[in-house]
Amino acid sequence: MTDHRRTEPPGLSLAYRESGPADGPPLVLLHALGERAADWDTVLPGLAPHHRVLALDQRGHGGSARPGHYGLEAMRDDVLAFLDALGLDRADLVGHSMGGAVAYLVAQERPGRVGRLVLEDVPAPRPRPASPVADAPEGPVDFDWAAVRAVKEQIDRPDPRRLERMAAITAPTLLVAGGAAGHVPQAGAAELAGLIPDCRLVTIEAGHLVHRARPAEFVAAVAPFLDPGRP
């Protein structure tokens with residue numbers, strides 16, 4: 001059963017979906033650019049049955065506020081404020097694409113607050129050739145188009161401190177790469193896995209949307225890693 005909820009960290013209203021046992025270890029799910037918390041629904045039943053799962057709509061997405069100011073560091077701070085608002089000292093994090101970048105920024109900024117870290121098809125933050133962003137769709141969408149422009153610009157020209165601070169991550173980390181079928185350079189994913197001190201790389205040939213294209217394989221890789229009984 002999933003409950004739709006809202007919390008009010010200072011200055012920002014965030015929507016989230018909660019499932020699993022209320023006394024389980026907390027797990028925060030962070031979606032990709034242009035997605036929302038419901039994107040995780042296909043893997044929720046098997047992903048972390050013993051966790052208190054908190055799937056967050058990040059700023060500018062889904063039911064969360066659209067403040068007009070966007071960026072990966074702002075989203076990182078949102079996650080930390082979200083944990084504070086719920087009284088959570090520590091949580092496991094799973095992030096896909098943009099959400100993965102937000103997750104590793106949280107793990108860099110506050111290493112003691114992240115138990116285990118799962119990154120889905122995320123490369124090392126290296127500069128890449130910029131490409132134009134399409135005009136906003138005419139019909140309604142579940143996110144603020146301004147967020148697309150702002151986040152893409154940061155991913156194209158990342159702050160070099162993101163790369164420099166990978167060694168600060170202390171959480172055991174699993175990086176699930178999507179293989180050659182996706183648009184993320186797999187050499188970049190391998191580089192990221194090598195930069196994080198305690199990181200294991202698993203490749204599932206599914207393209208960028210691993211948890212959606214191969215949900216059973218994604219769960220088979222991630223669920224044992226998140227098992228609270230694992231040493």
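1. Asp121 sits in the loop that runs between β6 and α4. This is a predicted model, and in it Asp121 has a positive phi of about 50° although the residue is not a glycine. Most residues other than glycine have a negative phi. With a relative accessibility of 1%, Asp121 counts as buried, because buried means under 20% relative accessible area.

2. Val141 belongs to the loop between β6 (114-120) and α4. Its relative accessibility is 30%, so Val141 counts as partly exposed, whereas Asp121 counts as buried at 1%. Along the chain, Val141 and Gly34 are 107 residues apart, and their C-alpha atoms are separated by 8.6 Å.

3. Ser97 is a second case to check for backbone geometry. The phi of Ser97 is near 55°, a positive value in a residue other than glycine. The residue is found in the loop between β5 (91-96) and α3. Ser97 has a relative accessible area of 22% and is therefore partly exposed; the cut-off for buried is under 20%.

4. Ser97 also leads to the largest pocket. The space in this pocket is about 640 Å³. Its lining is made up of 28 residues, and those that lie nearest the centre are Ser97, Pro123, Arg128, Ile155 and His183. Three elements give two or more residues to the lining: α3 (98-109), α4 (145-156) and α6 (186-195). Which of the elements gives the largest share of the lining? That is α4, with four residues. By residue class, the lining of the largest pocket divides into 17 nonpolar, five polar and six charged residues.

5. Helix α4 also packs against another helix. The axes of α2 (residues 72-85) and α4 are 9 Å apart, and the two helices pack at an angle of about 110°. That makes α2 roughly perpendicular to α4, because angles of 65 to 115 degrees count as roughly perpendicular. On the α2 side the contact involves Leu72, Glu73 and Met75, which meet Val151, Gln154 and Ile155 in α4. The residues of this contact divide into four nonpolar, one polar and one charged. Ile155 thus appears twice in this note: in the contact with α2, and among the residues nearest the centre of the largest pocket.

6. Helix α6, which gives two or more residues to the lining of the largest pocket, contains Ala190. Is Ala190 buried, partly exposed or exposed? Ala190 is partly exposed, because its relative accessible area is 37% and partly exposed covers the range between under 20% and over 50%. The C-alpha atoms of Ala190 and Val122 are separated by 9.4 Å, with their positions 68 residues apart along the chain.

7. Thr42 lies in the loop between β3 (26-30) and α1 (44-47). At 52% relative accessibility, Thr42 counts as exposed, because exposed means over 50%. Thr42 and Pro185 are 143 residues apart along the chain, and a distance of 26 Å separates their C-alpha atoms.

Definitions and conventions. Residues are numbered from 1 along each chain as its sequence is written. This is a predicted model: local features need pLDDT of at least 70, side-chain atom pairs count only at pLDDT 80 or more; totals for chains, interfaces and linings use all residues. Side-chain values use heavy atoms; hydrogens and water are left out. On a 1 Å grid over the protein atoms alone, a cavity is a set of points where a 1.4 Å probe fits but cannot get out, and a pocket is an open set with protein on both sides within 12 Å along at least five of seven lines; lining residues have an atom within 4 Å of a point. Grid points are joined across faces, edges and corners, and a volume is the space filled by probe spheres set on the points. Ala, Val, Leu, Ile, Met, Phe, Trp, Tyr, Cys and Pro count as nonpolar, Asp, Glu, Lys and Arg as charged, and the others, Gly among them, as polar. Buried means under 20% relative accessible area, exposed over 50%, partly exposed in between (1.4 Å probe, protein chains only). Axes are lines fitted to C-alpha atoms, for helices over the stretch in contact, and angles run from 0 to 180 degrees between N-to-C directions. Angles under 35 degrees count as roughly parallel, over 145 as roughly antiparallel, 65 to 115 as roughly perpendicular and the rest as oblique. Contact means heavy atoms within 4.5 Å.
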